[in-house]
Amino acid sequence: MLNSHTHKSILHLRGIITFTTATSPTLEFYPLLKLQLHPPSFSLRLFKFTTTSDPHSFTVSYLVHSCGFSPESALRASNKVRFDNPQKPDSVLAFFHNRGFSNSQIRRIVKRELRLLLCDPDKVLLPKFEFLRSKGASSADIVHMVSTGPRFLSRSLENHIVPAYEFVRGFLHSDDQIIACMMRNSCFLSDGRLAFNSKLLLDNGVRPSDIANLLRRWPSVLSSANMLKTVEELKEIGFASSTSTFSVALLAKRTVNKTKWDDKVETFKKWGWSQEHVLKAFKKQPYCMLTSADKIDALMNYWVNQFGCDSLELVKAPVLFQLSLHKRIVPRASVVQFLVSKGLRKKDASTTLPFVITEKSFLEKFVNRFKEDSSHLLKIYEENMNLANNKENACL
């Protein structure tokens, strides 16, 4: 519910828009649309704002017409930024546009970092773009980094961005790796928690190589809050911080919320696991808790009802929950089932071994070694693989 002052302001703004567009309904009143139709003709004076001595009204009008805000969001934003002429914000929009940002990307950046509209782009933005270019980032790379994480543009280059970059270099060692990391998540350039959490992990015995792996694959984990609490919880469970599984467990604990975690636990229990079984599997292979509850359920259903094995056998090999059901489990299970039916494999042999070995080893041990049946076994295997690929292609 809008208060009376806000409601009146919206009506006033809509009145301005209605009056202006009614008297002269041209693209001059929709600068972002005009930009889209005629990018080369971009001008710092794209919008003929209604003459007003009220900076608040001017700001609201500008945010609506030049930045794509709704009247309501423009009113809220005008409490954080205010200007009485379009000179500065126009120069900021021009800066982004001239460097290849689309209208939708510019709108997203402005909405997330409003105060950029008040900056001098040549003094505040340009040096940061040049810094990234000096490290090997392409223009397209920079557009992606800024569009997905513009917060670092509001931070000091000398006091924050450069020190953060050099800190990460201590783990990744090359500009190419750091740029690749930033393409996934540029958070470390704006969030001081990454350095703090990295040092905390080092102090708690986590290896630099594992921190580097987190930076390469999941940098946002290192920017999360209350890291010490999670580290202590994992140690209490029995994880050794010096092992590679610790960083994966950290990822699982930091990215899977309580509701989804509980759903996965309940799915495991549905198939006969206890809380202790879940914990044992998690300690052995933390990735199992990064698997969706639906996939856990589907794999358990196939394992028990079609492959005919005990669900508890998967406690010893939770890595199977990482594997593709249709492209790995089902094709190999079909081969194993044929071997058992022909008496070529003992029923009490390891049920999980065929699924965890490499493709080459599987073909050698379960297909090619059985000379008389190898052609048929290969046919079974390839038919199931093709079926899986066809299903995958049908979903694309």
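Let me start with a single residue in this predicted model: D175 is partly exposed, with a relative accessible area of 21%, which is just where the cut-off matters, because buried means under 20%. D175 forms a salt bridge with R169, and the closest N and O atoms of that pair are 2.4 Å apart. R169 is likewise partly exposed, at a relative accessible area of 23%.

From that pair I would like to go on to the other salt bridges, of which the structure holds eight. As a general reminder, side chains of opposite charge can pair when their charged atoms come close. A second example is R193 with D191, where the closest N and O atoms lie 2.8 Å apart; here R193 is partly exposed, with a relative accessible area of 38%, whereas D191 is buried, at 11%. A third is E359 with R332, with 3.3 Å between the closest N and O atoms. This pair links distant parts of the chain, since E359 sits in helix α21, residues 359-368, and R332 in helix α19, 27 residues apart. E359 counts as partly exposed at 36% relative accessibility, while R332 is buried, with a relative accessible area of 1%. Coming back to the pair I opened with, salt bridges that share partners join E166, R169 and D175 into one network.

D175 also brings us to a loop, the one between α10, residues 157-172, and α11, residues 175-184, and in that loop lies H173. What is the sign of phi at H173? It is positive, about 70°, although H173 is not a glycine. The background here is that most residues other than glycine have a negative phi. H173 counts as exposed, at 59% relative accessibility. There is a second case at N226, which is found in the loop between α13, residues 208-217, and α14, residues 227-237. The phi of N226 is near 55°, again a positive value in a residue other than glycine, and N226 counts as exposed with a relative accessibility of 59%.

That loop leads into α14, so let me turn to this helix. Which residues of α14 are buried? They are M227, T230, V231 and L234. Seen down the axis of α14, these buried residues fall within an arc of 100°, and therefore they line one face of the helix. On the other side of α14, K229 and E236 are exposed. As for what covers the buried residues, the cover includes α12, residues 193-203, α15, residues 244-255, and α17, residues 275-284. After α14 comes G238, whose phi is positive, near 125°.

One of those covering helices, α17, contains F282, and I would like to look at its surroundings for a moment. F282 is buried, with a relative accessible area of 2%. Leaving aside residues up to four places away in sequence, F282 touches L234, F239, A249, A252, K253, W261, C288 and M289; L234, as we have just seen, is one of the buried residues of α14. F282 and V319 are 37 residues apart in sequence, and their C-alpha atoms are 9.8 Å apart in space.

The next item is a pair of helices, α18, residues 293-306, and α19, residues 325-341, whose axes come within 12 Å and cross at roughly 10°. That angle makes α18 roughly parallel to α19, because angles under 35 degrees count as roughly parallel. On the α18 side, A298, L299, Y302 and Q306 take part, and they meet L325, I329, V330, A333 and Q337 in α19. The residues of this contact divide into seven nonpolar, two polar and no charged. Recall that R332, the buried partner of E359, is also in helix α19.

Finally, let me step back to the chain as a whole. The protein chain has 22 helices and zero strands, and buried residues make up 46% of its 396 residues. How many of the contacts between residues at least 6 apart in sequence join residues at least 24 apart? In the protein chain that share is 68%.

Notes:
Residues are numbered from 1 along each chain as its sequence is written. This is a predicted model: local features need pLDDT of at least 70, side-chain atom pairs count only at pLDDT 80 or more; totals for chains, interfaces and linings use all residues. Side-chain values use heavy atoms; hydrogens and water are left out. Axes are lines fitted to C-alpha atoms, for helices over the stretch in contact, and angles run from 0 to 180 degrees between N-to-C directions. Helices (H or I, at least four residues) and strands (E, at least two) are DSSP runs, numbered from the N terminus. Angles under 35 degrees count as roughly parallel, over 145 as roughly antiparallel, 65 to 115 as roughly perpendicular and the rest as oblique. Contact means heavy atoms within 4.5 Å. Ala, Val, Leu, Ile, Met, Phe, Trp, Tyr, Cys and Pro count as nonpolar, Asp, Glu, Lys and Arg as charged, and the others, Gly among them, as polar. Buried means under 20% relative accessible area, exposed over 50%, partly exposed in between (1.4 Å probe, protein chains only). A salt bridge is a side-chain nitrogen of Lys or Arg within 4 Å of a carboxyl oxygen of Asp or Glu. The arc is that of the directions from the helix axis to the C-beta atoms.
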